[in-house]
Amino acid sequence: MSRPQRDDLELVVLAVLADSAQYGYAITKAVDARSDGRIRVGPSVLYPLLARLEKSGYVTARWDEVSSDRTEGPGRRRKWYALSSKGERRLAQHIEAHRARVSMLETFIAPHADAEPTP
Amino acid sequence: MKPGEATRTDAWLDEFERGMRAPAKRRRELRDEMETHVEDRVRDLLVAGQTEETAHERALDELGPPRALAESLDRVHRAHKRSMMMHAGVFVMAGAALLTGVVSLNQTPGTPKAIAPAMTIDAPLDDDLEALLATTVYLDTDSTWENLFEQILDAAGGSIIDWDDFDRIGASAEEALFVSADDAPIGVVLAMLNRRFDNDAVVLAPVSGGVEITSQSAIDARTVRLTAYDLSGIVDDDRVTSDDVIELITSFVAPGTWVDCGGEMARLSIVGDRMFVEAPARYDDRIAWIISQLEEGRTTAAGGAGRAVPGQGGGAVGEIPLVEAFLNGRNSEPTGGGRPVPGAGGWQSNASDPRGASSLGGGGGGAGRPSSTNRRPGAGDF
């Protein structure tokens with residue numbers, strides 16, 4: 001399991017939302033599933049991030065009513081997040097920056113990729 | 001669910017809600033969101049074979065201390081408070097007119113039928129600015145201008161604010177707004193607050209990577225430019241005099257900002273069949289529209305069939321060679337790198353303003369600002 005940096009985390013969450021609108025808990029599960037458990041996004045990190053993405057206009061939110069195990073009568077509300085067009089552009093920027101960074105590092109790594117570690 | 005687990009979850013949620021300083025509605029929404037999260041998580045853990053007690057304990061542990069999460073969420077709304085940075089290259093704000101309320105000459109019910117189509121001055125808002133104006137803010141009765149601007153800058157991804165400018169127009173940082181707003185769009189809040197200013201407004205100007213919060217007068221001062229308008233065939237001493245045209249324009253285009261009317265921002269002179277206007281760029285469309293109406297009215301009166309109005313947007317033709325002759329004759333070339341662009345309707349600088357608006361004379365509008373000299377037709381001292 002790895003701890004992604006803030007920018008990476010933003011990319012991860014935006015990428016998940018690019019597939020479909022999700023609510024908070026579903027996002028944590030989607031990240032877990034897509035990374036085979038190598039990336040975990042805890043709720044204490046996820047919800048402030050979602051709040052920031054919403055404030056920045058990268059995601060839009062809507063509420064949906066769900067049935068509740070804890071209360072009778074009308075259920076509580078669930079907040080769904082969806083990628084906005086601004087968020088799509090943001091995601092594209094993240095992907096481009098990520099690829100540029102990987103490409104740059106590859107130029108250093110490639111000559112040594114098959115080399116035996118020196119004792 | 002066992003009563004003990006419900007109580008523990010409620011206690012966590014209560015403390016979480018109390019730990020936030022956000023308005024009540026937002027606190028309630030976040031509580032709902034966390035409660036649904038806990039319930040979803042507990043359900044999955046129960047399916048995975050955990051006991052109810054363990055499932056609740058783990059779900060709450062994953063959320064962490066309620067106060068810590070509450071503070072993290074609060075911080076999102078207070079972000080950028082001290083990270084505002086100076087930024088150069090400010091664009092003329094496309095949506096300034098939207099916020100200042102100087103928008104259109106739409107016909108209203110019960111008024112005589114307009115002979116000209118409604119005129120809209122606004123340039124289309126760019127997508128980002130439109131999204132920003134639709135972003136909601138939260139204000140309570142103690143909120144100040146600073147609180148509002150923090151939320152705007154937060155939503156815009158940061159940028160600049162010049163507090164001296166706002167002190168000047170009477171919107172200092174610590175001054176309370178006396179406005180409550182839950183989920184109110186920024187555009188609506190600013191439009192409402194802008195009603196407090198007589199000849200000014202708070203406007204948002206897109207800059208690279210964010211937005212500048214500034215005043216309309218500050219934007220205007222930066223975009224003062226000299227424009228020439230063709231009045232040939234419009235002004236004659238029998239029907240429409242030079243004074244008529246001046247009065248029309250100073251009455252309907254940003255009244256109170258003209259030097260001849262006690263303002264400081266704009267001035268105009270008519271020499272022969274040319275009118276020279278030194279004013280903020282945003283005045284151009286409205287002036288051109290008024291002139292086009294005068295021209296159309298004259299054509300109609302003469303039995304004409306409404307001949308085409310020359311120049312862009314009506315009467316503005318930007319007869320730069322004539323202006324240049326005036327300037328050259330008085331050895332007063334613009335000093336800000338500006339050079340005449342035929343047909344552009346004004347001076348266009350080499351600076352970064354993509355809309356061609358620049359300060360005549362450069363220097364942040366200082367040299368290009370109108371003096372207090374009373375300019376009447378024939379003065380000609382450009």
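How much area does chain A expose, and what share of it do carbon and sulfur atoms supply? Chain A exposes about 7,200 Å², and carbon and sulfur atoms supply 51% of that area. Hi everyone, and before I go on, please keep in mind that this is a predicted model.

Let's stay with chain A for a moment. Its secondary structure comes to four helices and three strands. If you walk along from the N terminus, the order of elements is α-β-α-α-β-β-α. Chain A has 119 residues, and buried residues make up 43% of them. Now look at its contacts with a separation of 6 or more: 57% of these are between residues 24 or more positions apart.

Next, the aromatic residues. A search of the whole structure, over all chains, finds four aromatic pairs. I'll show you two of them, starting in chain A. The ring centres of Y23(A) and W80(A) are 5.1 Å apart and the planes stand at 80 degrees; since an angle over 60 counts as edge-to-face, that is what we call this pair. Y23(A) sits in strand β1, residues 22–23 of chain A, and W80(A) in strand β3, residues 77–83 of chain A, so the pair ties together parts that are 57 residues apart in sequence. Is Y23(A) buried or exposed? Y23(A) has 17% relative accessibility, and because buried means under 20%, it counts as buried.

The other pair I picked is in chain B. W258(B) and Y283(B) have ring centres 5.7 Å apart and planes at 50 degrees, so this pair is tilted. This one links distant parts of the chain, with the two positions 25 residues apart. W258(B) is in the loop between α11 (242–252) and β7 (267–271) of chain B, while Y283(B) is in the loop between β8 and α12 (284–301) of chain B. Both count as buried: W258(B) is at 0% relative accessibility, and Y283(B) is at 1%.

While you have Y23(A) on screen, find the arginine beside it. R78(A) lies over the face of Y23(A), at 3.9 Å from the ring centre. There is a similar arrangement at W63(A), where R77(A) lies over the ring face at 4.1 Å from the centre.

Now for the nonpolar cores. Which residues have the most contacts inside the largest core? They are V13(A), I27(A), W12(B), F16(B) and M34(B), in a core of 41 residues. Both chains take part: the elements that give two or more residues include α1 (6–19) and β3 of chain A, and α2 (24–47) and α4 (66–78) of chain B. The most comes from α1(A), with eight residues. M34(B) is a nice place to zoom in. Leaving aside neighbours within four places in sequence, M34(B) is in contact with Y47(A) from the other chain, plus W12(B), L13(B), F16(B), L63(B) and L69(B). A second, separate core has 31 residues, among them F149(B), L190(B), L193(B) and V211(B).

Last stop, strand β6 of chain B, residues 224–230. How many of its seven residues are buried? Seven of the seven are, so to speak, under cover. V224(B), L226(B), A228(B) and D230(B) point one way from the strand, with R225(B), T227(B) and Y229(B) pointing the other way. Its partner is strand β8, residues 274–280 of chain B: the two run antiparallel and are joined by seven bridges. To see them side by side, look for Y229(B), which stands opposite M275(B) in β8(B). Thanks for listening!

Methods
Residues numbered from 1 in each chain as written. Chains lettered and ligands numbered in written order. Predicted model: local features only at pLDDT ≥ 70, side-chain atom pairs only at ≥ 80, totals over all residues. Heavy atoms only, no water. Buried < 20%, exposed > 50% of the residue type's maximum accessible area, 1.4 Å probe, protein only. Pairing = 2+ DSSP bridges. Phe/Tyr/Trp six-rings, centres within 6.5 Å; stacked < 30°, edge-to-face > 60°. Lys NZ or Arg CZ within 6 Å of the ring centre and 35° of its normal. Core = buried A, V, L, I, M, F, W, Y, C linked by side-chain atoms within 4.5 Å. Contact = heavy atoms within 4.5 Å. Areas by Shrake-Rupley, 256 points an atom, 1.4 Å probe, with all protein chains shown as cover.
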